[in-house]
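Let's take a walk through this one, strand by strand. Have the structure open and turn it as you read.

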Amino acid sequence: MLLLELVETTKAVASTRSRLAKVDALAHLLRRLEPAEIPTAVGLLSAKPRQGRVGVGWSAVAAAKADPAAEPRLTVSDFDTALDRLLATAGSGSGAERAAILRTLMAAATEPEQSFIAGVLLGELRTGALEGVLTDAVARASDRPVDAVRRAAMLSGDLGGTALLALMGTAAELDAVGLVVGRPVQPMLAATAGSAGAALEATGEASVEYKLDGARIQVHRSGSDVRIFTRNLADVTHRLPEVVDLVRGLPVQDVILDGETLALDEEGAPRPFQETMSRFGADAVRETLLHPWFFDVLHIDGRDLLDEPLATRIDILNRVAPAHRIPGEVTADPAVAERVSQDALAAGHEGVVVKAIDSVYAAGRRGSNWVKVKPVHTYDLVVLACEWGSGRRTGMLSNLHLGALDPGGDFGEPGGYVMVGKTFKGLTDELLRWQTARFQEIEVRRTAGTVWVEPKTVVEIAIDGVQQSPRYPGGIALRFARVKRYREDKAPAEADTIQTLRSLLRS
Ligand SMILES: Nc1ncnc2c1ncn2[C@@H]1O[C@H](COP(=O)(O)OP(=O)(O)OP(=O)(O)O)[C@@H](O)[C@H]1O
């Protein structure tokens with residue numbers, strides 16, 4: 001298929017607010033693709049190319065500027081091949097070769113394709129096709145039940161592969177997609193409640209567990225082979241050797257565990273979250289030891305446990321890793337739930353997660369079977385730009401411009417970000433140094449005093465609320481915003497929405 005056809009579909013999808021029309025346009029496109037193009041196209045449509053980022057910045061894109069081709073001739077496969085080649089051509093001395101690949105690609109592209117390609121390369125693509133919409137489109141195009149498609153995509157962690165199977169395989173093959181030890185699945189997520197008692201009302205009898213303030217880990221062990229994945233399903237095995245060793249020592253052959261890892265001080269109190277996350281970075285130093293706490297088990301020795309009730313999964317976890325179970329209690333009594341919550345806070349943790357004791361593991365879902373309760377309200381926002389500091393912060397990028405996600409395009413482009421405020425509060429010297437380097441790497445342009453960046457850095461912000469503001473495009477501004485931490489384990493598409501923040505005006 002010509003790349004232009006895909007580009008035009010993304011434009012049509014982005015320009016309508018009707019979910020039905022989006023699904024129709026995407027399903028029509030999916031049906032017309034060659035089988036080999038399906039995973040590539042799904043990656044491009046969901047703004048998550050198969051290759052991830054290929055390390056091309058805006059200056060390289062600008063340098064590859066070419067007159068647009070008069071006639072479309074690039075195919076989806078041509079673009080995929082070029083991305084593969086860019087990915088494979090790395091390291092010193094490869095600059096000229098990469099530039100040549102880019103120039104050839106751009107010269108073969110028509111004008112709309114050129115801007116689409118630039119968007120893909122710079123990670124700025126907005127297709128208006130969020131994964132939910134695309135999942136519906138795959139179901140429509142393949143005439144398979146949407147639940148079957150969603151389940152296969154969650155369990156395989158691969159919507160592109162799932163689309164291929166749905167469109168080209170049999171219904172039985174799609175249904176047979178199950179857990180594979182070594183292949184990460186989308187983690188189950190939690191809804192929010194204001195108190196442990198309110199959470200318990202939603203769940204009924206529940207496991208009330210400490211909410212530890214670390215990083216989510218999904219650990220897969222097959223024999224002596226151990227793999228560890230983050231919340232985003234990135235493989236971080238090599239960064240956590242102590243967790244690998246520990247899991248190798250558990251009395252099982254095959255297992256998939258879900259949990260949280262964090263750094264502790266000598267007294268066993270949690271160290272700041274940033275210390276845990278620094279172990280996940282590219283230039284990580286192993287100063288702190290990370291400890292895992294497991295709260296779920298998804299598979300054990302050939303048996304999938306996703307559809308077993310939580311009570312059964314906890315029993316198995318107690319057998320497999322009793323010393324590494326997350327602290328908590330099973331109860332139906334709101335007073336007990338409150339006490340566990342107070343204990344968690346007193347021990348320096350974030351709050352509790354209250355989980356219906358009879359619930360299954362709903363991979364990739366944020367349902368009401370898991371409810372988190374934390375006293376400090378924080379929101380995950382995306383950094384859009386940063387201003388140079390003054391005084392003690394001269395030479396440092398300091399004041400952050402914060403954007404909330406606008407999935408439906410109520411205040412601009414669908415899938416874009418709406419600025420809701422600025423803050424330079426809560427930034428430690430270490431964070432200032434980190435963000436000064438990082439934001440110049442992902443810079444897209446500069447004005448006096450401000451560096452504009454690719455919208456890809458998620459930052460967790462504590463606020464006291466929002467207020468009406470005619471100055472900001474979403475009509476609201478954050479009150480007393482301060483930085484809690486960077487969330488490198490979250491994708492910008494998972495940021496909080498402008499609609500969520502606006503709803504705070506009413507409460
Ligand atoms: N006992 C626990 N059970 C489940 N999740 C836990 C627990 N302790 C800590 N966590 C962490 O809390 C998160 C649960 O909240 P949620 O599913 O909303 O994820 P999130 O969007 O990363 O939220 P948050 O920013 O509040 O951590 C998990 O992703 C996990 O990292």
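**A walk through the sheets**

Start with a single pair of residues: V383 has L402 of strand 12 as its bridge partner. Bear in mind that what you're looking at is a predicted model. That V383–L402 bridge belongs to a longer run, since strand 11 and strand 12 (residues 397-406) pair in the antiparallel sense over six bridges.

Strand 11 has other partners too. Spanning residues 378-388, strand 11 runs antiparallel to strand 16 (residues 458-462), and five bridges join the two. Two places to look for that pairing are Y379, which stands opposite I461 in strand 16, and D380, whose bridge partner in strand 16 is E460. Strand 11 also pairs with strand 15 (residues 450-453), again in the antiparallel sense, this time over three bridges. Find C386 and you'll see V451 of strand 15 opposite. Now hop from strand 16 to its next neighbour: four bridges join strand 16 to strand 19 (residues 482-486), and those two run antiparallel as well. There, A462 has R482 of strand 19 as its bridge partner.

Time to zoom out to the whole chain. The chain is divided into domain 1 (3-173), domain 2 (189-373) and domain 3 (378-506). How far apart are the C-alpha centres of domain 1 and domain 3? They lie 28 Å apart. The contact between these two domains takes nine residues from domain 1 and 10 residues from domain 3. On the domain 1 side, the residues that touch domain 3 divide into four nonpolar, two polar and three charged.

Next, go to domain 2, residues 189-373, and look for an open sheet of five strands in the order 4-3-5-6-7, with antiparallel pairing. Why is one side of strand 4 (225-229) and of strand 7 (303-304) left without a neighbour in the sheet? Both stand at the edges, and each has a single partner strand, so one side of each stays without a neighbour there. Further in, strand 3 (residues 215-222) and strand 5 (residues 254-263) pair in the antiparallel sense over eight bridges. A handy marker for that pairing is I217, which stands opposite G259 in strand 5.

Two helices pack on this sheet. Helix 13 (residues 241-248) touches strand 3, strand 4, strand 5 and strand 6 (290-300), and its direction makes about 130° with that of strand 4. Helix 15 (residues 310-320) touches strand 5 and strand 6, with its direction at about 125° to that of strand 6.

There's another open sheet to find, made of five strands in the order 1-10-9-2-8, and here the pairing is mixed. Its edge strands are strand 1 and strand 8 (328-331), each of which pairs on one side only. On average, neighbouring strands of this sheet are turned by 35° against each other, direction ignored. Within the sheet, four bridges join strand 9 (residues 351-356) to strand 10 (residues 366-373), and the two run antiparallel. Look for V353, with K372 of strand 10 standing opposite. Helix 16 (residues 334-346) packs on the sheet, where it touches strand 2, strand 8, strand 9 and strand 10; the direction of helix 16 makes about 145° with that of strand 9.

V353 also takes us to the ligand. Which of the 13 residues around the ligand come nearest? They are L189, A190, E209, R216 and V353. The elements that give two or more residues to this shell are strand 1 (189-192) and strand 2 (206-211). Strand 2 supplies the largest share, three residues. As for chemistry, the shell divides into seven nonpolar, no polar and six charged residues.

One last stop comes from the database record. An unreviewed UniProt entry carries the annotation "domain: ATP-dependent DNA ligase family profile" over residues 293-406. Across residues 293-406, the chain is 21% helix and 43% strand, and the end C-alpha atoms are 35 Å apart.

Terms used
Residues are numbered from 1 along each chain as its sequence is written. This is a predicted model: local features need pLDDT of at least 70, side-chain atom pairs count only at pLDDT 80 or more; totals for chains, interfaces and linings use all residues. Domain bounds come from an automatic or database domain assignment. Two residues are in contact if their C-beta atoms, placed from the backbone, lie within 7 Å. Ala, Val, Leu, Ile, Met, Phe, Trp, Tyr, Cys and Pro count as nonpolar, Asp, Glu, Lys and Arg as charged, and the others, Gly among them, as polar. Two strands pair if DSSP finds at least two bridges between them. Axes are lines fitted to C-alpha atoms, for helices over the stretch in contact, and angles run from 0 to 180 degrees between N-to-C directions. A residue is near a molecule or strand if its C-beta atom, placed from the backbone, lies within 6 Å of it. UniProt positions are given in the numbering used here, feature names are shortened, and annotations may be inferred rather than shown by experiment.
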